[in-house]
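Visitor: I'd like to learn how to read a fold like this one, feature by feature. Can you walk me through it?

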Amino acid sequence: MAQSAQLNASILKKVAMALSGIFLITFLALHVTLNFISVLSEDVFNEASHFMGYNPLIQYVMQPVLAFGVIFHFVMGFVLTAQNSAARPIAYAKYNGAANASWSSRNMIISGLVILAFLGLHFYDFWFPEVSYKYIAGTAPDATRYYGELVHKFHDPIRTGLYCVSFVLLGFHLWHGFASSLQSVGMHNKYSRFLSKVGLWFAVVVPAAFVIIALFHHFNQ
C-alpha cells in the first residue's frame, strides 16, 4: 500500500513537471517571436514591448503565473533528480551512458542549472531595470525606449557570448524535455514519432533564433 502511494506520488510529480515544462515551452515560443521582431522592425518591437509592459493582464496575472511556473519547474527538477538518485543508492560498476541515453537526457540537471544562471543574468539585465523604471523611479512611460535598451545589453561581447552559450544549452534541454514532457502526460502513441520531430525542430529553431537576435544586435551597433 505504501509502495503504491509512493509510486502514485512519483507519477504525479513527473506529470506536474511535464505540465510546467509545456507551459514554459509555450512562453518561449511567444518570447522568441516578440524578440525576433527587433531584428525586423524597431518600431513594431517598441510597440509590442510597450503593449506588454503596460498591459494589466500580462503584468499582474500572466507575469506572476510565469514566475511561479519557472520556480515550480526548477524545484520539481531538483526534487525528481534527488528522488531518482536515492532510488539507486548503489552505483553501477560500469556504465556507458552514451550507449543508453542521449547527452541531453543524461545532463538535464546540468543544462537546467546553466539555464537557471542565465535567467538570473536575464532578470538582472531586463526585469530588474524594468521594475525600477516603472515602480521605483516612477519614470513616465516612453514607448520608444525598448529597442535601445535591448541593443545596449548586447554591446558587451562577453555578455553576448554568455547568452549564446546559454541558448545552445537551452536547445539540448528542450531536445529531451519536449519529448519527455509529452510522454509524461500520456502522449506516447502513434503520433510519438511526429511529436518527437516537432520537439527536435523546436529545440533547434528557438535557441537558434535567440542566438541570431543576440549576434544581430551585437554586430549592428
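Visitor: Let's start with burial: what percentage of the 221 residues is buried?

Guide: Keep in mind that this is a predicted model. Burial is read from relative accessible area, with under 20% counting as buried. Here 33% of the 221 residues make that cut. As for the outside, the accessible surface comes to about 13700 Å², and carbon and sulfur atoms own 70% of it.

Visitor: And how many helices and strands are there?

Guide: Nine helices, zero strands. Read along the sequence, that's simply α-α-α-α-α-α-α-α-α. To see how a chain folds back on itself, look at sequence separation: of the contacts between residues at least 6 apart, 82% join residues at least 24 apart.

Visitor: Which residues of the largest nonpolar core touch the most other members?

Guide: A nonpolar core is a set of buried nonpolar residues linked through their side chains. This one has 30 residues, and L28, Y163, F167, L174, F202 and F210 touch the most other members. Two or more residues come from each of α1 (2–40), α6 (108–136), α7 (146–153), α8 (157–184) and α9. Helix α9 is the top contributor, with nine. Take F210 as a sample: setting aside neighbours within four places in sequence, F210 contacts L28, H31, V32 and F167.

Visitor: Is H217 buried or exposed?

Guide: H217 sits in α9, residues 192–219. H217 counts as buried because its relative accessible area is 1%. Beyond residues up to four places away, H217 touches S38, V39, Y147, L150, V151 and F154.

Visitor: What about charge: which side chain of opposite charge is nearest to buried K153?

Guide: For a salt bridge, you want a side-chain nitrogen of Lys or Arg within 4 Å of a carboxyl oxygen of Asp or Glu. K153, in helix α7, is buried without one; D125 is the nearest opposite charge, at 4.3 Å. Still, D125 is among the contacts of K153, along with F126 and R159, once neighbours within four places are left aside.

Visitor: Now the outside. Which residues form the nonpolar patch on the surface?

Guide: A patch residue needs over 30% relative accessible area. The members here are L57, Y60, V61, M62, V65, Y135 and I136, and together they have about 730 Å² of accessible area. Helices α3 (56–87) and α6 each give two or more residues, with α3 giving the most, five.

Visitor: Why is V61 classed as partly exposed?

Guide: Partly exposed is the band between buried and exposed, and exposed means over 50%. V61, in α3, falls in that band because its relative accessible area is 40%.

Methods
Residues are numbered from 1 along each chain as its sequence is written. This is a predicted model: local features need pLDDT of at least 70, side-chain atom pairs count only at pLDDT 80 or more; totals for chains, interfaces and linings use all residues. Side-chain values use heavy atoms; hydrogens and water are left out. Helices (H or I, at least four residues) and strands (E, at least two) are DSSP runs, numbered from the N terminus. Buried means under 20% relative accessible area, exposed over 50%, partly exposed in between (1.4 Å probe, protein chains only). Contact means heavy atoms within 4.5 Å. Accessible areas come from the Shrake-Rupley method with a 1.4 Å probe; for residues, only the protein chains shown count as cover. A nonpolar core is a set of buried Ala, Val, Leu, Ile, Met, Phe, Trp, Tyr and Cys residues joined through side-chain atoms within 4.5 Å. Lys and Arg count as positive and Asp and Glu as negative; His and the chain ends are not counted. Patches are made of residues with over 30% relative accessible area and no salt bridge: like charges are joined within 9 Å, nonpolar side chains (Val, Leu, Ile, Met, Phe, Trp, Tyr) within 5 Å.
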